[in-house]
Structures are given as structure tokens and as C-alpha cells.
Amino acid sequence: MIKSLHHSSVFALGLALVLGGAACGGDSDAGGTGAGGSTAGTGGGATTGTGSPSTSGTGGGATTGTGSPSTTSTGSTPTTGTGGDPNPDPANARTFDHRHGTLEEIPESCIDALKSGDFLFHYAHRSHGSQIIVGAESIEAQSPAHGFEAEYCDVPAETGVFRMWDGMLDTNLVEGDQYWATGAGVDELRAILRDHPEIRYSMWAWSFEISEQTEETVQLYLDTLDALGQEFPEVTFIYMTGPGDEEYNGVNRTKRNQQIRDFCRDHGKILYDFEDLDAHWNGERHTAQVDGVEIPMEHPHYDVDTSGNAEYEYTHTTQESCEHKARVFWRMMAELEGCSVQ
């Protein structure tokens, strides 16, 4: 049985300071309206690069990114490191990206262990983040051995499957202010974790709003999850980059995603690199020129605007892209649970 840890009033004050910044939000189907100030890019002709080793600063299995850490503050209140791990170990950093998309490398015994009901995965998201869920459901339909059940705002009743709590207490369309960007959101997350000690992992997915975030608001996201990791040491908080399917504010989006990678590398965190998965297909990394800068972009093979492609389950991408993200999720969980992946 996992026990949540209640820290002293010093920690509570520290997390209150972390949450002193602005919340991010935005409608995932309307382009997002998060805290911003970034300028819109128009973008040039998209180009396709080659070579699977080319990633957005991330590594392979249990590897890390590149760049320097961000050490900013939100407004006049310092937030960096407030209430977080005082002794982060970069050696613990692990990034899961396009090089982790093969289910065949996961032993059957490991899949069975992930379906044993030994733990629960908590996941908050909106439309982009649902790609993982519908992708996992699609894989299960083709391969029943990969049983998966995501229950709306609750614990799945089905057994013999990978169990996921989908959403918060009353919705599975979760903006940042209901998970990490406000005190009320963090308190709701605390309530879920304290009432359900079987939750071993928690993750929140960005949507369109990543493109309009400032360095300060992304640092708030990072610092809040870091502090929560100290408050709930038996829960692994998985960080995510945001989607790479729009050129709007693309340069800022690329910087904010790299900021997340840098933090995870330097602070020993677990990262699911959503942007990297958008940009890669079949060993190619797709990019576009936006405001004179080359940025990663969703590969045309996954782009719903590509002739012959169709949007899958209102997720802004194709069924194949959803399944790819779900395969990487399965691989990530296998490795985090200590399975020996070939």
C-alpha cells in the first residue's frame, strides 16, 4: 500500500509560492489561450530531414536531453526549486520518444505484470492527450493481450488490464489550472492521490496552449510537479512536452518544449516527449521554417491535412499516430516498472 506524505507548513508555504503565478488554459479545439506574449509565426515550407538519431534534444532508452536549465521566476515571486527536490540526480532522468515504439520488445511476462492490477495510472489531458488513450484502445482491439481500460474520473472496474484513471474528479478535459497551475487544481490532485494510494503514476498533457506559454509559466509547471514529487514520494510524476502540429507561435513552442526537456535532464525526471513523437516517422524527423527558424513539426504522414489522411476520434491526428504514441506509453511503463526490455 502506497502512503502519501504530508510535509510541514514550510513545504505548504513553498508550494503556495510556486502557485503564485498565472494559470494556463485554453480550449484544445480553439487553439488555446494560455499565458503568453509570444508572437505568431507564419512558417515557411516544411522540409523533411532524415536520420532517426535526430531528435529534439532527447535521448534513447533511459537517456537525457541537451541544453541548459531554466532558472526563472513567475512575477516577483521566486519559484524555481521552491519545495522541489533539494538534491536532484540527473542520472535518474529518462526520456521516452520515437525510439521506444516497438511493442515486440516487451516480454509477455512484463505485459502481464502491467495488467496485474498492482497499481493505477492517473492521467489528465484534453484532446491531444487523448491520443494515447484511443491509441491504446485501438491496439487492444487488434491485440487483446494488450488489455487497457481508462475509466472516466474513477478507478476502472475491469481486471486483467492496464488500469488508468482518466481525468480529475469531474472531467477528463483538464486544463492546467485544474491540475498544476492553481492552488485549487493542485488541491484536487492531492485529493485524488490521497484517496487512492494505489496510484503510482500521474501525468498531465499539454494541448495547443503550449505555444502561448511564457518561460515563467512553463517553469511554474515544472516547479509544481517537482514539489508534488516531494510531497508524494511514492508517486512518479511524468512530465510531457506539448504537441508539434501547428506553426502558430512555433518558435516559442519549440523553446518551451526544450525548456521542459532541459529541466527533466538536469533534475532527473521522467519525460514523455510528445513533440518528438509528432515529428518522427519511419526514421525521418520533419521540420518547418517559422520566422527564419527551423522547428520540429508533425510529420506529413500523421498530418490530417495530408491527402488521404483522416482525423481519428477527434484527436487532431491519425489512427496510426495515436497507436504510435500508445506503443511508446506501453514501453515507458514497462521500463518504469523494471521490466527487462530487449
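Reader: Hi! Can we start with β10 and β11? How many residues sit between them in the hairpin?

Author: Hi! There are two residues between β10 and β11 in that hairpin, and Asp291 in the turn has a positive phi of about 50°. Keep in mind that this is a predicted model.

Reader: Got it. In which sense do β10 and β11 pair?

Author: They pair in the antiparallel sense, over four bridges, with β11 covering residues 293–296. One pairing you can look up is Thr287, whose bridge partner in β11 is Pro296.

Reader: And what about β9 and β10, how do they run?

Author: Strand β9, residues 280–281, is joined to β10 by two bridges, and the strands run antiparallel. Across that pairing, His280 stands opposite Arg285 in β10. β9 and β10 also make a hairpin with two residues between the strands, where Asn282 takes a positive phi near 55°.

Reader: Why is β10 described as largely enclosed?

Author: Five of the seven residues of β10 (residues 284–290) are buried, so the strand is largely enclosed by the rest of the structure.

Reader: Nice. Let's switch to β3. How many of its residues are buried?

Author: Five of the five residues in β3, residues 120–124, are buried, so this strand too is largely enclosed. Its two faces are both covered: Leu120, His122 and Ala124 lie on one side, and Phe121 and Tyr123 on the other.

Reader: Why do they split between two sides like that?

Author: In a regular strand, side chains alternate between the two faces of the sheet.

Reader: Ah, okay. Which strand does β3 join through five bridges?

Author: That is β6, residues 199–204, and β3 and β6 run parallel. If you want a spot to click on, Tyr123 stands opposite Met203 in β6. β3 also pairs with β5 (residues 162–166) in the parallel sense, over three bridges. There, His122 stands opposite Trp165 in β5.

Reader: There are plenty of rings around here. How many aromatic pairs does the structure hold?

Author: It holds 18 aromatic pairs. Take Phe121 and Tyr123: their ring centres are 6.5 Å apart and their planes are at 70°, so that pair is edge-to-face. Phe121 also pairs with Phe162, and this one is tilted, with 6.2 Å centre to centre and 50° between the planes.

Reader: Where do Phe121 and Phe162 lie?

Author: Phe121 lies in β3 and Phe162 in β5, so the pair ties together parts that are 41 residues apart in sequence.

Reader: Are those two buried or exposed?

Author: Phe121 and Phe162 are both buried. For Phe121 the relative accessible area is 0%, and Tyr123 counts as buried at 0% as well.

Reader: Which residues do the ring pairs link into a cluster?

Author: The cluster takes in Phe119, Phe121, Tyr123, Phe148, Phe162, Tyr201, Phe329 and Trp330.

Reader: Cool. And what lies over the face of Phe274?

Author: That's Lys325, at 4.7 Å from the ring centre.

Reader: New topic: cysteines! How many disulfides does a search of the whole structure find?

Author: One disulfide turns up. Cys110 and Cys339 form the bond, with their sulfur atoms 1.9 Å apart. The link is right-handed, with 95° about the S-S bond. Cys110 lies in helix α2 (residues 108–114) and Cys339 in the segment after α8, so the pair ties together parts that are 229 residues apart in sequence.

Reader: Remind me, what is a disulfide?

Author: A disulfide is a covalent bond between the sulfur atoms of two cysteines.

Reader: Is Cys110 buried or exposed?

Author: Cys110 is buried, with a relative accessible area of 3%. Cys153 counts as buried too, at 10%, and Cys322 is buried at 0%.

Reader: You mentioned α8. Where is Glu335, and what does its side chain contact?

Author: Glu335 is found in helix α8, residues 319–336. A polar contact of 2.9 Å joins its side chain to that of Arg94. Glu335 is buried, with a relative accessible area of 10%.

Reader: How about Glu320, buried or partly exposed?

Author: Glu320, also found in α8, is partly exposed, with a relative accessible area of 36%. Glu320 and Gly135 are 7.9 Å apart in space, C-alpha to C-alpha, although 185 residues apart in sequence.

Reader: Last one: which residues are buried in α3?

Author: Gly135 is among them, along with Ser130, Gln131, Ile132, Ile133, Val134, Ala136, Ser138 and Ile139. As for length, the 13 residues of α3 (residues 130–142) should span 18 Å at 1.5 Å a residue, and the end C-alpha atoms are 19 Å apart, which agrees.

Definitions and conventions
Residues are numbered from 1 along each chain as its sequence is written. This is a predicted model: local features need pLDDT of at least 70, side-chain atom pairs count only at pLDDT 80 or more; totals for chains, interfaces and linings use all residues. Side-chain values use heavy atoms; hydrogens and water are left out. Buried means under 20% relative accessible area, exposed over 50%, partly exposed in between (1.4 Å probe, protein chains only). A polar contact is a pair of N or O atoms within 3.5 Å; within protein, one must be able to donate a hydrogen and the other to accept it, and residues adjacent in sequence count only if both atoms are side-chain atoms. The expected span of a helix is 1.5 Å times one less than its number of residues. Two strands pair if DSSP finds at least two bridges between them. A disulfide is a pair of cysteine sulfur atoms within 2.5 Å. Rings of Phe, Tyr and Trp (its six-membered ring) pair if their centres lie within 6.5 Å; planes under 30 degrees apart count as stacked, over 60 as edge-to-face and the rest as tilted. A charge sits over a ring if NZ of Lys or CZ of Arg is within 6 Å of the ring centre and within 35 degrees of the ring normal.
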